Amino acid sequence: MNQVTITEWSPKEKILLCFEKYCDFNPDMKLTNSYHNFLASFSQSKPECIFHTIHQDECQLVYKKHIDEILPEYCKKWGINKIMFILLGESSCNPSIPIYNKLASMGISLCFHWPDTSPGWAVDTMYSLGELADLHVSWDVPKSDFHSSLPKLNNYISLWAPQDRNLYRFKSYKDKSKKVAFYGRPFLQRAKHLEYIKSKLEDFYFGGGQREESLSPEDYADSVADSKIILNFPAHGFGFSQLKSRVIEAMACGSLVIELENDSTPTFFEAGKDYISCSSIDDMIAKADYYVNNEEEAEKIALSGYNKYINNYTARHYWDLVFENL
C-alpha cells in the first residue's frame, strides 16, 4: 500500500485591490490601464496571495452604492488583511475618511498607490490621510521645488509604474519595423513638439493611445515593442518632471528611449548608458537621426536599459518593495 504524505496547509494572505474599472469614469472608454499596471502586475508577482477586487466607479455606476457601504462588511466576511487603493481624483466615489478609520480599527493595512503626484488633490490627500495610511507609493518620481519643499512622510516610497509582463515583452532590435515613434496624448506643448519633430525627422510616427485612438492595451504594447526608438517628454502639465510609464514600457520591450533632460529618470537609469538624454527638441531630433543611422550603438544602449529594467524594476521588484515596506 502506497504511503500518502500530507502537507500541512497554511492560509494565504488575503489582499483587496480597490481601484477604478473604467477609463475616465466612462464605460464607453473601456477598461482602465490599472487592469494591467495594477491588477495583472500584482497577480503575476504575488501568486502566494489570494486577491479580491472592488471598483469604486462600478459600485456607483452599476450597483448604485457608495464604496463606504461595501468595504467594511466585505473585508470582514472575506478576512481581508491588506487593501491596495488607487483613488479616482476628486470623485465622490472614493472611500471617505471615516471608512479608512474603520478599516484601520479592524487591523487592516491600507496602502495607497499614486500614478501621479501632482500638486493639488493628490498631494493634499496623501497628507490628509496622515497615519491612517500604512504606506503611500508613487509611480512618477516627481522632481520640483514644490515636491522638495513638502514635509517628509515616513510612510512614503517613490517607485515606478509596474508593468504587465504579458503585454510589454522584449523584441529584438533588428525585428522592430518602426524607426522612431511616440505614443500618447498630444496635449499642450507636446502637440507642437510632435508636429515640429515630424516636419524635421523622416520615419517618425506618432499616435494616440486609449483616449485618442481607442488603442487596446495589447495594440499599444505591440506598437511600443515594434519601435526601435521611443521618444519621451518627461514634463507634467504643471511643469515638473516625472518618470513616465512610457520609459519603463519601452525599456521592457528593448526599445531605445530618447527623452528631454530631467531629474526623474536618472533616479533609476543612467543617461548615456541606459537611455539618451536631450537638451532640447532640436537636440532630440539630431540624436534620433544619429541613432537611426547607427543601429549598433542604439541597440547597445537599448539592451543596457532592458537589462537594468529586468534586473531591478520589473513588477515583481515593485511589489516586493511594497510588501517589504508594509
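Me: In this predicted model, how far apart are N and O in the salt bridge where the side chains of Lys-21 and Glu-58 meet?
Reply: Lys-21 lies in the loop between β1 and α1 and Glu-58 in helix α2, so the pair ties together parts that are 37 residues apart in sequence. Both residues, Lys-21 and Glu-58, are buried. Their side chains form a salt bridge with an N to O distance of 2.7 Å.

Me: How many salt bridges are counted?
Reply: Side chains of opposite charge can pair when their charged atoms come close. The rule applied here takes a side-chain nitrogen of Lys or Arg within 4 Å of a carboxyl oxygen of Asp or Glu. By this rule the count is 13.

Me: Which helix holds both Lys-287 and Asp-283?
Reply: The side chains of Lys-287 and Asp-283 meet in a salt bridge of 3.2 Å, N to O. Lys-287 is partly exposed, at 27% relative accessible area. The two residues are four apart, about one turn of the helix, and both belong to α11.

Me: Which residues are linked with Arg-316 in a network of salt bridges?
Reply: Arg-316 and Asp-320 sit four residues apart in helix α13 (residues 315-325), and their closest N and O atoms are 3.1 Å apart. Arg-316 is partly exposed with a relative accessible area of 38%, and Asp-320 is partly exposed at 24%. The network links Arg-316 with Lys-46, Glu-48 and Asp-320.

Me: Which strands stand at the edges of the open sheet with the order β2-β1-β3-β4-β5-β6?
Reply: This open sheet has six strands with parallel pairing. An edge strand has a single partner strand, so one side of it is left without a neighbour in the sheet. The twist averages 20° from one strand to the next. The strands at the edges are β2 (50-55) and β6 (156-158).

Me: What is the bridge partner of Cys-111 in β5?
Reply: Strands β4 (residues 109-114) and β5 (residues 135-138) run parallel and are joined by four bridges. For Cys-111, the bridge partner in β5 is Leu-135.

Me: What angle does the direction of helix α5 make with that of β4?
Reply: Helix α5 covers residues 121-129 and packs on the sheet. The strands touched by α5 are β4, β5 and β6. Its direction and that of β4 make an angle of about 165°.

Me: Is Ser-109 buried or exposed?
Reply: Ser-109 is found in strand β4. Leaving out residues up to four places away in sequence, Ser-109 touches Asn-81, Lys-82, Ile-83, Asp-134 and Leu-326. The cut-off for burial is under 20% relative accessible area. At 18% relative accessibility, Ser-109 counts as buried.

Me: Which strands stand at the edges of the open sheet with the order β8-β7-β9-β10-β11?
Reply: This open sheet has five strands with parallel pairing. Its neighbouring strands are turned by 25° against each other on average, direction ignored. Each edge strand has a single partner strand, so one side is left without a neighbour in the sheet. Those strands are β8 and β11 (276-278).

Me: Which residue in β10 does Ile-229 stand opposite?
Reply: Four bridges join β9 (residues 227-232) to β10 (residues 256-260), and these two strands run parallel. In β10, the residue opposite Ile-229 is Leu-256.

Me: At what angle to β8 does α7 run?
Reply: Helix α7 lies across β7 (178-183), β8 and β9. Its angle to β8 is about 155°.

Me: What is the phi of Lys-64?
Reply: Most residues other than glycine have a negative phi. Lys-64 is found in the loop between α2 (56-61) and α3 (71-78), and is exposed with a relative accessible area of 67%. Lys-64 is not a glycine, yet its phi is positive, at about 55°.

Me: Phi of Asp-203 is near what value?
Reply: Asp-203 is found in the loop between α7 (188-200) and β8 (204-207). At 47% relative accessibility, Asp-203 counts as partly exposed. Asp-203 is a residue other than glycine with a positive phi, near 60°.

Me: What accessible area do Phe-25, Leu-61, Val-62 and Tyr-63 have together?
Reply: Phe-25 lies in the loop between β1 (14-19) and α1 (34-45). Phe-25 is partly exposed, with a relative accessible area of 33%. The four residues form a nonpolar patch on the surface, and their accessible area together is about 350 Å².

Terms used:
Residues are numbered from 1 along each chain as its sequence is written. This is a predicted model: local features need pLDDT of at least 70, side-chain atom pairs count only at pLDDT 80 or more; totals for chains, interfaces and linings use all residues. Side-chain values use heavy atoms; hydrogens and water are left out. Two strands pair if DSSP finds at least two bridges between them. Axes are lines fitted to C-alpha atoms, for helices over the stretch in contact, and angles run from 0 to 180 degrees between N-to-C directions. Contact means heavy atoms within 4.5 Å. Buried means under 20% relative accessible area, exposed over 50%, partly exposed in between (1.4 Å probe, protein chains only). Patches are made of residues with over 30% relative accessible area and no salt bridge: like charges are joined within 9 Å, nonpolar side chains (Val, Leu, Ile, Met, Phe, Trp, Tyr) within 5 Å. Accessible areas come from the Shrake-Rupley method with a 1.4 Å probe; for residues, only the protein chains shown count as cover.
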